[in-house]
Amino acid sequence: MPSTEPKLISGNANRPLAEAIARRMSMHRGMQVGLVDARVERFNDQEIFVEVYENVRGEDMFIIQPTSKPANDNLMELLIMADALRRSSAARVTAVIPYFGYARQDRRTKARTPISAKLVSNLITHGGVERVLTMDLHAAQIQGFFDIPVDNLYASPIFALDILHQMDGDMSDVMVISPDVGGVSRARELATRIGAPLAIVDKRREKAGEVAGMTVIGDVTDKKCIIVDDICDTAGTLCKAADVLMEAGATEVHAYTTHGVLSGPAVDRISKSVLKSMVITDTIEAPEPVKTCANIRIVPTAPMLAQAIVNIWSGTSVSSLFDTASLVPIYEGLYPRGMWGR
């Protein structure tokens, strides 16, 4: 007989997050949820092998697997786990992909280039996944690349709670900054949530991959600036934007980024930058240099993802998690309920 609760399974991409989600569902939702006993290993030639030790026939399965670095290995793990579950007669397979790799290749920017995000969505759909749960897709139109339901959660409600907590509810001298024109809608959304004004850092490029100059659009004098973005890779643009804001009169600069890719020299740049703090989520498992960096903080997504999984399993609204106020009881352990609405 199928169980009366959702079942979770994890690959190797971010097992601590998967365990935190299972723990959250068990402790705060009265469920007996653990990770399904399985092995995800590699043969000597690096082929991926998956074996599920528990019966999953008729179960509502959730695979927790971001497709972060190494993106190709983690993507193949996800596809092979989905195939194993489908062939084991799982009732439904939902892929929980907190960080969706290849999302930056969502359109053709030049002739004879791929739209890799569409290719990956096809692989996931045809691999046996029936639903996708993700967070802060780099481009919203990627939801349309799938022919299955996609629930795209937002980190901005969590960031709003964190900012209100860190600033002790005082938004009088806070300004939200978009690091480029393309991120204005994301920054405006957060600014609206916390009741702060918005400014933009305009980038000029002389050639691809190199920023020639930056201009601040808006008055940031005597402001605590909060740069908002979805992905931070090498942190070059972010650190330069922070320098420009300080030169324009900002008193301090903070950064809130959903997905801390932080490749190459990123951590070293951030540690030596003028950034007072950089906040990332745990959608990507943080290596030790990130965890020990003095001005990087990690906020958890497990409470939100756990609630989203429960809502999908029970057939209730996922969009309710888009509201900051609805997350107050979910994140009460981190951010006191009285902080919201000061």
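Start with strand β5, residues 92-97, and strand β6, residues 131-135, in this predicted model. The two strands run parallel and pair over four bridges. Now pick T94. Its bridge partner in β6 is R131.

Widen the selection to the whole sheet. It is open and has five strands. Read across it in the order β1-β4-β5-β6-β7; the pairing is parallel. Which strands stand at the edges? They are β1 (7-10) and β7 (150-153). Each has a single partner strand, so one side of each is left without a neighbour in the sheet. Look along the sheet next. Neighbouring strands are turned by 20° against each other on average, direction ignored.

Next, the aromatic rings. The whole structure holds five aromatic pairs. Two of these stops follow.

Select F100 and F146. Their ring centres are 5.9 Å apart and the planes meet at 65°. Planes over 60 degrees apart count as edge-to-face, so that is the label for this pair. F100 sits in the loop between β5 and α3 (116-126). F146 sits in the loop between β6 and β7. The pair links distant parts of the chain, with the two positions 46 residues apart in numbering. Are these rings' residues buried or exposed? Both F100 and F146 are buried.

Move on to F159 and Y256. This aromatic pair is also edge-to-face, at 5.2 Å centre to centre and 70° between the planes. Show helix α4, residues 156-166, to find F159. Show strand β12, residues 252-260, to find Y256. Here too distant parts of the chain are linked, 97 residues apart. F159 and Y256 are both buried.

Technical notes. Residues numbered from 1 in each chain as written. Predicted model: local features only at pLDDT ≥ 70, side-chain atom pairs only at ≥ 80, totals over all residues. Heavy atoms only, no water. Pairing = 2+ DSSP bridges. Axes fitted to C-alpha atoms, helices over the stretch in contact; angles between N-to-C directions. Phe/Tyr/Trp six-rings, centres within 6.5 Å; stacked < 30°, edge-to-face > 60°. Buried < 20%, exposed > 50% of the residue type's maximum accessible area, 1.4 Å probe, protein only.
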